[in-house]
Every structure is written in C-alpha cells, then in structure tokens.
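Reader: Could you walk me through the labels on this model and what stands behind them?

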Amino acid sequence: MAQKTRQTSSLSLASKEDKGLFPQPNEVRSYGDSKRQPDDGSASNASTPPNDSKEGVAPSGSTTTTTAACHSEPQQPEVIFPEGGLRAWLVVLGSFSGMVAGFGLMNSVGTFQAYLSTHQLADVSPSATGWIFSLYIFLAFGCGLQIGPVFDAKGPRWLVFGGTICLVVGMIGVSESTKFWHFILTFSILGGLGTSLIFTPAIGSITHFFSRRRGIATGLAATGGSVGGIIFPLTLQSLFPRLGFAWSVRLLALIFLILLIFANLLIRNRLPPKAGEKVWPDFRIFRDVTFALTTAGVFFIEWGLFIPITFLSSYAIANGVSTAFSYQLLAILNAGSAFGRAVPGYVSDRLGRFNTMIGTVALCLISVMGIWFNIDGNIAGLCVFAVIFGFASGSNISLTSVCVGQLCEPEVFGRWYGTCYTVVSIGCLTGLPLAGQILSDNGGDYWGSIVFTGSCYAAGLICFIAARVLKVGWSLKARF
C-alpha cells in the first residue's frame, strides 16, 4: 500500500512537471530583479534560493522560467518565456520592420546633415545645424521616460500607431521645409517623437517572449536600424539629383508608412501589467548602483556615438572625397553595424551581456583613436574605420536593452529602459552641438571632435567595467 502511494505521488509530481509547474531539468531559473547573480561557469541548482542563485545555460529549444525575487519581498510568480515559436518571432519581425523606419532614419542623419549644410541651411553654422539632429535624437530617446511606463501598463498598440502618424507626417513636413525652424518642427520634434513611440515598444515587446535568447532576438530586431541606414542614404543620394529634395523625402515617407503597417500588425506584448502599475516615471530605481553605473556608461557612449554617424560624410567631403562616396561611407558604416547588432547579441547570450558590451565599447575606442584620428582623409582608412566602428558601435543600442533587462523584471522593463534613456538623451541632445562647436573653434579641423568622441567612449568603458566589478568582482571567468 505504501509502495502504491509513493508511485501515485511520483506520477502526480511528474504530471505537475509536465504542466510547467516545476522546472524541467533543462530549464533555467533567472531572477529578474537587480539582485540577480551572474554565472561564473560553476554548476547551478534550479532549486537554489533566488538571493544566491546563478544563471546557467539551457539547451537550445527549452523554455526559460524567470522568478522575480528579492529577500525583502514576497516570492513572485514564475514567468515562463517561450524563447521562440511563431508568435515570438513575428514580434521580432515587427520590431525589425519598425526599427528599419525609426532607427534607419536615425542612422541616416549624416545624409541629411551633409545635404542641408550645402543647400537649404548653407548659411547656418555647423553648430546650429547640429541642433536639428541632436534634438531629434534627444526626443527619440528622452520620451521613453513616459513611453516606457505607458508600455508596461497599456501595451504597445496605440504607442506604435501614434509613432507611425508622427513619423510619416514629420517626413512629409520635412519635404516642404526650407528654414531652420521648419526642420526643428518637422524633423526634430515630429520625427523624434515618432521614433520614440516606435522604438521603446519594439524593444520592450521582445522582453516578453525571450530571456535566455534575448540578446540574439534583440540583436536581430536592431539590425533593422542598420538595414535602413544602408538603404536610405544610398536611395536619397540617387534620388536627390533626379527628383529633388522634396519628392525624395516624400518617397521616404511612403516607405516608412509601408514598413510601419507591418510593425503595427506584428508588435504585441504577452505579459499582463503588474498589479497597481502606474504610468508615471520613478527615479527611485537609480538607488540600484549597478543600474546607475550602467546608465552612466550608456550616457557616455551615446554622447559620442552620433558624432561619427553624423559628421563622417562631412569629414570626407572636407578632406577631398567626392560627395557621392561620402554618402556611401555612411552605408558602409551601417553595413558593419548590421553585423555588429546581430553577432554581439548572439555572443552575449553565451559569454554575458556586460562582458560583450565592454568588449565592443573598447573596440569603438580603439577604432576612433587608433584609426579615425590618424587617417587624414585617406579613402582606404575611411573604409576601414567605417567597417570597424560600424561593427563595434552596432551593439551600443542593441546590447543596452539586454543589459538593462538583466537588472529588472520583464513586466517593468519599459520603465527601467525608458528611465535609462531619458538620462542618455541629454547626452544625445548636447553631443552634436558640442562637436559642431569644437569643429568651428578649430577652424574646420576635425581632430578636436574626434578626441571628444574617444573621450566619451573611454568614460563609458570605465562605467561598464565598474558595473561589472560591482556585481562579480574582477574574475575574468564570470559571465555577466
């Protein structure tokens, strides 16, 4: 009788395991709060308590179970991530489509800067022209402070729809603009708000479907920005002489509309909002020192990131390179960035998100100070710099989301990510005008702007190393 009872209990337990109530042997428990510990390569036990557990690597195809835990709070329900499946990958496809439009425009600002500075805004200083694009980038990132919590509480549907309206209408307005303030209203404000309304939900929705494979999923979606950054500069370069500025930008608006229809149809959330979740920002999350250091690191790298993207074409023209090839340099940079968004995302799922970010930021620093600072307009050197910097900088945005996601629960990712980029947006607002002012003060010589870019990456590298050391110490084997 006792043996029969034991058999019944064993079958009951197996049944519960089949239903996902208990972790399978190939499942991973990761803890969504800021106290989650990294994997240092040692063996882990799925039943280890949250406050001293370690992340492991699950075999491909398994689900991932996340338990939001903190020793000062009650145990939270487990969250099981699909880690794939048709619905999950359709969300990635929708995010990719939205990023082609939103971040494709952001990666094409160099084309607009080079054209406007020699046509509609030829009588405006480089520093003043820089405010158009820096304000655009500031709004694209800074509006996430409010958009992130709204996404957590309400989902992505109306946010992406509103972003579609703003971005398409903004581009139509750009096609009619002739004065500085016209471009501020259309490109900077409408374009920046539209990009932010698309960008935050596109990244946030992926965190609802992936945990263990979040790096590669986010990286694949983020390659959309690089694809747009390849296609749009080459398209505009070809169309400007044939159709003129107005019709070229109107065609760009039509392409955006088609891409964003797919984004509206496919981007979806999966997890319900947390009970009592509010739509207002909460700066108390900066009490998490690791998150504060991560935000500071992203601030510095984004402070420098858009200087090469925006000024590389103008730098090439100033050093005797043809206008046609100067536009192609931006496409070469974005081609490198496409691989730089996907490959580091794949690597980060295996070696650690912060570890991979530190490596790519170090490569950015080397490419800026070791190559760009020394090439003096050499065409071969410009191509090498565009490829290497494009690859290394591609992860600056794609890995940021997975680094932040490693520090918080998926249900509040929008709030944490939006708060991070609100601080970062201040750097985006000031970076380009500062670089333009340095350029003017040096009589059109770019060396000062290049040094400023390198200094930004050096500071960002220090912050990310500090965040990693704070969590896992100096061990090179720790995966974090």
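What follows takes a few labels and sets each against its cut-off.

Author: Ground rules: this is a predicted model, where local features need pLDDT of at least 70, side-chain atom pairs count only at pLDDT 80 or more, and totals for chains, interfaces and linings use all residues. Residues are numbered from 1 along each chain as its sequence is written, and side-chain values use heavy atoms, without hydrogens and water.

Reader: Why does Phe 187 count as buried or exposed?

Author: Buried means under 20% relative accessible area, exposed over 50%, and partly exposed in between (1.4 Å probe, protein chains only). Phe 187 has 1% relative accessibility, so it counts as buried. Its place is in helix H7, residues 180–206 (helices are DSSP runs of H or I, at least four residues, numbered from the N terminus).

Reader: And what makes Leu 254 count as partly exposed?

Author: Leu 254 comes out at 45% relative accessibility, so partly exposed is the label. This leucine sits in helix H8, residues 214–266.

Reader: Which residues form the nonpolar patch on the surface?

Author: Leu 243, Trp 247, Leu 251, Leu 254, Leu 257, Ile 258, Ile 261, Phe 262 and Leu 265, with about 880 Å² of accessible area together. The areas come from the Shrake-Rupley method with a 1.4 Å probe, only the protein chains shown counting as cover for residues. Patch residues need over 30% relative accessible area and no salt bridge (a side-chain nitrogen of Lys or Arg within 4 Å of a carboxyl oxygen of Asp or Glu), with nonpolar side chains (Val, Leu, Ile, Met, Phe, Trp, Tyr) joined within 5 Å.

Reader: How far apart are Phe 187 and Leu 167?

Author: C-alpha to C-alpha, Phe 187 and Leu 167 are 8.7 Å apart in space, and 20 residues apart in sequence.

Terms used. Patch = residues over 30% accessible without salt bridge, like charges linked within 9 Å, V, L, I, M, F, W, Y side chains within 5 Å. Helix = DSSP H or I, 4+ residues; strand = E, 2+ residues; numbered from the N terminus.
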